Structures are given as C-alpha cells and as structure tokens.
Amino acid sequence: MELDEVVATAKALVTDRFPEARAAWLAGSVVAGEATPTSDLDITVLLPGPPAPFRESLVHDGWPVELFVHTRESVSRWIEKDLGRRRPTLARLISSGVVLLDADGAGVALAEECAMILAAGPGPVSDADRDALRYALTDLLDDLADVTDPVTVAALAYATWEQAIKLLLTLDGRWWGTGKWLVRELREYDATHGTSYALRLHAALVSAVERDPVLLTVVAEEILEAAGGRLWAGYRVEG
C-alpha cells in the first residue's frame, strides 16, 4: 500500500474514534519507508482532556495499530520522563510523523518542539550516572569471563552488548533506545565518527553466544577505557 493510502487509513481511524482530537501524527516504519509485513501503525493523538492519556493496541482495516493518546499536559510529563531515561520515545513519534490532523496548530507546533528536543540530545551525563554504567558493564564482563552454561552465556553476552552500546552513546551525549532504535542510534554514532562499532559489536556478540567472549570483552573494554576504565573495587553509592 502506498503511503498516501496508509495516511488516509490512519486519518479515518482518528476522525472516527476521536472527533474531538486537537492533533494526530502517524509515525513508525511505514512512514520511514522501512515497513515489513508485520509493521504496525504508530498513531499519536492529542486530546483536550479525558479519556486521555492512555495506550491501546488494536486492528483497523487490516492494520495492527498502536495508539498513544495524550493531553498536552501528559505529553510534557512523558517527554520529561523520556529525558531522564535518555529514550525520547514520544518525541520521536511526534517529530518524525506525518501530521494527520491539526485542528488548532498544536500538530505542527508540537512536532517542531519535539524535533528541537531530539536535536538537543539528552544532555551531559553526571559522573555518578557514568560510573554506574561503568560498574554495570564491568560486572557483566566479570560474569561473562567465568560462566560456562551456554544459556547463561547467551544472556550475559546480550546484556554486555547492550550495556556497552549505552555507555558509548552516553559518553557522546546521545539518546538511547530499545531494540532497533538502539541499533539506529549506534549506526548514527558510527556515521558521525567514522567508526564501525555496530558491525564490531555484532560480530563480538555472535562470537560470545558461541561461547568465545574474547572479542566482546575487547570491544567493551575499549569503550570502558574512554569512560575511565573498569570500575568495581571501591565503587560506592550512598543511600
């Protein structure tokens, strides 16, 4: 289905379900031109008040749909929450989406505001947060070096891969993500810095799952060195 047909389908859903909507946006793989047979429609809707905020999954006209329904106040709260966890989920949904509806100008205004938030990044990391990431990655590497059970090795390898990426992105003042979004952020890092961490960490993860953690340890320690090195003995958190 062409994008304009998908937009028409999404718009029809919004106008039918939410006649009082102030604004709505369609985002996700379909808009980005990366749709697969299992892709869904990510639709964010701005209402003037209740029943928002809520989230709902449904099927409409044969499409799986994820609805994210907000008020202006809940948008602000969620964006603040996303800033704290360095994962700009809602800002991405709004700023990268096609405006389906804009009854009072909020659609364009919020999209511009969210684009500015994304461009600014999550801000510098505190020493305490950086050291917490160093400690977590160090602890994973210690566990990975000793374990022999293949199921546990696989679990630790993935956790190490993810933690190494988060530390790398944090040091560069970049956003995190989950799943494919974490990989996209890592690839953007590589494109900016002329590095190949996405490919290197993938190869290292595969090797570790096959019970050879050496390569993953090497890449993770390289990232740790940029953060100040391994951290375990003497690490202390008050409270």
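E56 is partly exposed, because its relative accessible area is 26%, where partly exposed covers the range between buried, under 20% relative accessible area, and exposed, over 50%, as found with a 1.4 Å probe on protein chains only. This residue is found in strand β3, and strands, like helices, are DSSP runs numbered from the N terminus, with E in at least two residues for a strand and H or I in at least four for a helix. Leaving aside its neighbours within four places in sequence, E56 is in contact with R17, V65, E66 and L67, contact being heavy atoms within 4.5 Å. E56 and T71 are separated by 15 residues in sequence, and their C-alpha atoms lie 15 Å apart in space.

The model is a predicted one, in which local features need pLDDT of at least 70 and side-chain atom pairs count only at pLDDT 80 or more, whereas totals for chains, interfaces and linings use all residues. Residues are numbered from 1 along each chain as its sequence is written, and side-chain values use heavy atoms, with hydrogens and water left out.

The protein as a whole has 10 helices and five strands, and its C-alpha atoms fill a box of roughly 60 × 40 × 35 Å along the principal axes. Of its 239 residues, 42% count as buried, and among contacts with a separation of 6 or more, 62% come from residues 24 or more positions apart.

The loop between β2 (41–46) and β3 (54–60) is the place of P51, and also of P53. A cis peptide bond joins P50 and P51, with omega about 15°, and the peptide bond from A52 to P53 is cis as well, with omega near 5°.

Further along the chain, α3 (72–85) and α4 (89–95) are linked by a loop that holds R86. Phi of R86 is near 60°, a positive value in a residue other than glycine, and R86 counts as buried because its relative accessibility is 8%.

Two packed helices are described by the angle between their axes and the distance between the axes. Here the axes are lines fitted to C-alpha atoms, for helices over the stretch in contact, and angles run from 0 to 180 degrees between N-to-C directions. Helix α3 packs with helix α5 (residues 106–120) at an angle of about 10°, the axes being 12 Å apart, and α3 is therefore roughly parallel to α5; angles under 35 degrees count as roughly parallel, over 145 as roughly antiparallel, 65 to 115 as roughly perpendicular and the rest as oblique. The residues that meet are R72, V75, I79 and L83 in α3 and L110, E113, C114 and I117 in α5. By class, the contact of α3 with α5 has six nonpolar, no polar and two charged residues, where Ala, Val, Leu, Ile, Met, Phe, Trp, Tyr, Cys and Pro count as nonpolar, Asp, Glu, Lys and Arg as charged, and the others, Gly among them, as polar.

A second pair of helices can be read in the same terms. The axes of helix α8 (residues 180–193) and helix α9 (residues 197–209) come within 8 Å and cross at roughly 130°, and α8 and α9 are therefore oblique to each other. In this pair, L186, R187, Y189 and D190 of α8 meet Y197, A198 and L201 of α9, and the contact of α8 with α9 comprises five nonpolar, no polar and two charged residues.

Two of these α9 residues recur in the largest nonpolar core, which has 30 residues and in which Y197, L201 and I223 touch the most other members; a nonpolar core is a set of buried Ala, Val, Leu, Ile, Met, Phe, Trp, Tyr and Cys residues joined through side-chain atoms within 4.5 Å. At least two residues of this core come from each of α6 (127–146), α7 (150–171), α8, α9 and α10 (214–227), and α7 gives the most, with nine residues. Leaving aside neighbours within four places in sequence, Y197 is in contact with L168, L186, Y189, D190, H202, V219, E222 and I223. A second, separate core has 21 residues, including V6, I43, V45 and W63.

As for α7, its 22 residues should span 32 Å at 1.5 Å a residue, and its end C-alpha atoms are 31 Å apart, which agrees; the expected span is 1.5 Å times one less than the number of residues. Just after α7, G173 takes a positive phi of about 70°. In the loop between α9 and α10 lies R211, a residue other than glycine with a positive phi, near 80°.
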